Amino acid sequence: MTTRALPPVINTTEAQRRGWACVWCRADLGIGLGDDLGEQRVKPADGAAYSWFPRQCLDTVACQAREGS
């Protein structure tokens, strides 16, 4: 599991918020291909609170390499 602080939800894509893509490198994550980082609740200053469901790549070395490019 990650110890990194998650990026601000405003800086993520829909795929990242739904757990379809890695929250760090944006690689597509199929079923069972990522680590679930747990449901995250967001309460924006204007609007209703909502949940997002980030996941990360299983291969953290490859993920970091993709994130840096």
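What follows is a chat between a biologist and a modeller about reading features in this predicted model.

Biologist: Let's start with charges. How many salt bridges does the structure hold?

Modeller: The idea is to look for a Lys or Arg side-chain nitrogen within 4 Å of an Asp or Glu carboxyl oxygen. Here you get two salt bridges. In one of them, the side chains of R4 and E67 meet, at 2.9 Å from N to O.

Biologist: Which parts of the chain does the R4 and E67 pair tie together?

Modeller: R4 sits in the segment before helix 1 (14-17), while E67 belongs to helix 2 (residues 60-68), so the bridge links parts that are 63 residues apart in sequence.

Biologist: And how accessible are R4 and E67?

Modeller: Both are given as relative accessible area. R4 comes out at 37%, partly exposed, and E67 is partly exposed too, at 31%.

Biologist: Which residue does R18 form a salt bridge with?

Modeller: With E14; their closest N and O atoms are 2.7 Å apart. R18 has 48% relative accessibility, which makes it partly exposed, and E14 is partly exposed at 41%.

Biologist: Back to R4. Which ring does its charged end sit over?

Modeller: For this you check where the charge lies relative to the ring centre and the ring normal. The charged end of R4 is over the ring of W24, 3.8 Å from the ring's centre. As for rings pairing with rings, the count of aromatic pairs is zero.

Biologist: Cysteines next. How many disulfides does the count come to?

Modeller: Zero. The cut-off matters here: two cysteine sulfurs need to be within 2.5 Å. C25 is in no disulfide, and its nearest cysteine sulfur, in C57, is 3.6 Å away. The sulfur of C63 has its closest cysteine sulfur in C22, at 3.5 Å, which is too far for a bond.

Biologist: Are C25 and C63 buried or exposed?

Modeller: Buried. C25 has a relative accessibility of 14%, and C63 has 4%.

Biologist: Which residues make up the largest nonpolar core?

Modeller: In soluble globular proteins, nonpolar side chains tend to be buried together. In this model the largest nonpolar core has 12 residues, among them the cysteines C22, C25, C57 and C63, along with W24 and W52. A27 is another member of that core. Leaving out neighbours within four places in sequence, A27 is in contact with W20, A21, C22, C57 and R66.

Biologist: Where is L6 placed, and what is it in contact with?

Modeller: L6 is in the segment before helix 1. Setting aside neighbours within four places in sequence, it contacts V23, W24, L37, Q40, W52 and P54. At 26% relative accessibility, L6 counts as partly exposed. For a sense of distance, the C-alpha atoms of L6 and A45 are 19 Å apart, with their positions 39 residues apart along the chain.

Biologist: What about D35 in strand 1? Which residues does it touch?

Modeller: Not counting residues up to four places away in sequence, D35 touches P54, R55, Q56, C57 and L58. It is partly exposed, with 26% relative accessibility. The C-alpha atoms of D35 and C22 are separated by 9.0 Å, and the two residues are 13 apart along the chain.

Biologist: One backbone item to finish. What is phi of R26 near?

Modeller: Most residues other than glycine have a negative phi. R26 has a positive one, near 70 degrees. You'll find R26 in the loop between helix 1 and strand 1 (34-36).

Note on methods:
Residues are numbered from 1 along each chain as its sequence is written. This is a predicted model: local features need pLDDT of at least 70, side-chain atom pairs count only at pLDDT 80 or more; totals for chains, interfaces and linings use all residues. Side-chain values use heavy atoms; hydrogens and water are left out. Helices (H or I, at least four residues) and strands (E, at least two) are DSSP runs, numbered from the N terminus. Buried means under 20% relative accessible area, exposed over 50%, partly exposed in between (1.4 Å probe, protein chains only). Contact means heavy atoms within 4.5 Å. A nonpolar core is a set of buried Ala, Val, Leu, Ile, Met, Phe, Trp, Tyr and Cys residues joined through side-chain atoms within 4.5 Å. Rings of Phe, Tyr and Trp (its six-membered ring) pair if their centres lie within 6.5 Å; planes under 30 degrees apart count as stacked, over 60 as edge-to-face and the rest as tilted. A charge sits over a ring if NZ of Lys or CZ of Arg is within 6 Å of the ring centre and within 35 degrees of the ring normal.
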